[in-house]
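Biologist: Before we begin, could you show me the model, and then take me through how its charged pairs and its metal site are to be read?

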Amino acid sequence: MIVVMKPGATQAEINAVIQRAEGLGVKTHPIYGDNRTVIALVGDLTRISREAFNAMDGVHETVRIQEPYKLSSRTAHPHDTIIEVMGVKIGGPEVVVMAGPCSVESRAQIIEAAIGVKEAGAKILRGGAFKPRTSPYSFQGLGVKGLEYLAEAREVTGLPIITEVTTVETLPIVAEYADILQIGARNMQNYGLLHAVGKVQRPVMLKRGMSGTVEELLMCAEYIVSNGNYNVMVCERGIRTYETSTRNTFDLNAVPVLKQRSHLPVVADPSHGTGYREYVPAMSRAAVAAGADALILEIHPDPDNAVSDGRQSLDLKEFADLMTSLRRIAAALDRSVAPAQPAPLATVAPAPLVKAIA
Ligand code: PEP
Ligand code: MN
């Protein structure tokens, strides 16, 4: 249930609602909006009388929430959530592009990628340091060294970084470096990890599991939000179907469905969604047209020699061209994609740093 306060309700009136609800054994999550405050009540509501709350000072109405993901639902929070990371706003009118390699491979590779994607207009740098790989014999990521290289790339470009956290044990170290924590498809329902990221104050991008429904994705987001971390975005990255001509089936239906059911920002990942670089531009444009708030794209300075996911990675020139067309799609929808930044960034990174190999 949510208690919708009147515009201008006082803090004392809000506190009275919270105290009454907590006195009846339920948890409260106040959401302070520009005009009014709503208070979500979660837990065992059997002792809660809607009439009693309706009669309290400052209360406009109470609303029953049907969805099982109460805090993530649009009913609880009609306005879009906007997540701010180092001045970048995800969930607002700008379609934010996150880009970078699947894996951090070396200092030179991540810095070259970071400079290239920034120049093309990306606002966030991606790169995996801890990699969840299907085979135990595949490259597992550079680990903490990879995080250090990402931090260097952030220093050179000013781009915030998103990187995956795969275990509860490595969460403290990953959270120390990352500006956004990525939970991968394989961990969507790792409830221990969801609990843990719910308790850290870092934005989280939760990817849809390869056999997860939209409802299950939102229930997993609810684990994070209900533990106190409201800065969650959800990501469509393709699901597994009988179709074999692409790596996954990129479920673009999920974008408007998620936007309708939830206030959380929606990210689309056409790289994993298709698995082939030749399909990535078309599906990136389609994702923007479908209403995605952000894209996450795998970009590599030398995709043919990437240690992971090279087949679905664009090179820097292909990425810059894609960004040009995305701007036109976004503009048609009264949104925007950041302009290219042909700043002399390459000279900001000292040459030895760019040339150094891990
Ligand atoms: C990735 O982003 O490189 C990744 C492993 O993605 P997913 O969890 O969607 O497979
Ligand atoms: Mn990848």
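**Reading charged pairs and a metal site**

Modeller: Lys-145 and Glu-148 both sit in helix H4 (residues 144–157; helices, H or I of at least four residues, and strands, E of at least two, are DSSP runs numbered from the N terminus), 3 residues apart, or about one turn of the helix. This is a predicted model in which local features need pLDDT of at least 70 and side-chain atom pairs count only at pLDDT 80 or more, while totals for chains, interfaces and linings use all residues. Residues are numbered from 1 along each chain as its sequence is written, chains are lettered from A and ligands numbered from 1 in the order in which they are written, and side-chain values use heavy atoms, leaving out hydrogens and water.

Biologist: What do Lys-145 and Glu-148 form, and how far apart are the closest N and O atoms?

Modeller: Side chains of opposite charge can pair when their charged atoms come close. Lys-145 and Glu-148 form a salt bridge (a side-chain nitrogen of Lys or Arg within 4 Å of a carboxyl oxygen of Asp or Glu), with the closest N and O atoms 2.9 Å apart.

Biologist: Is Glu-236 buried or exposed?

Modeller: Glu-236 is buried, at 0% relative accessible area (buried means under 20%, exposed over 50%, partly exposed in between, with a 1.4 Å probe and protein chains only). Glu-236 forms a salt bridge with Arg-208 at 2.7 Å between the closest N and O atoms.

Biologist: Which residues are the protein donors of the manganese ion (ligand 2)?

Modeller: Donors are N, O and S atoms within 2.8 Å of the metal (3.2 Å for Na, K and Ca), and sites may look incomplete because water is not among the atoms. Here they are Cys-102 (SG), His-272 (NE2), Glu-298 (OE) and Asp-309 (OD), 2.1 to 2.4 Å from the ion.
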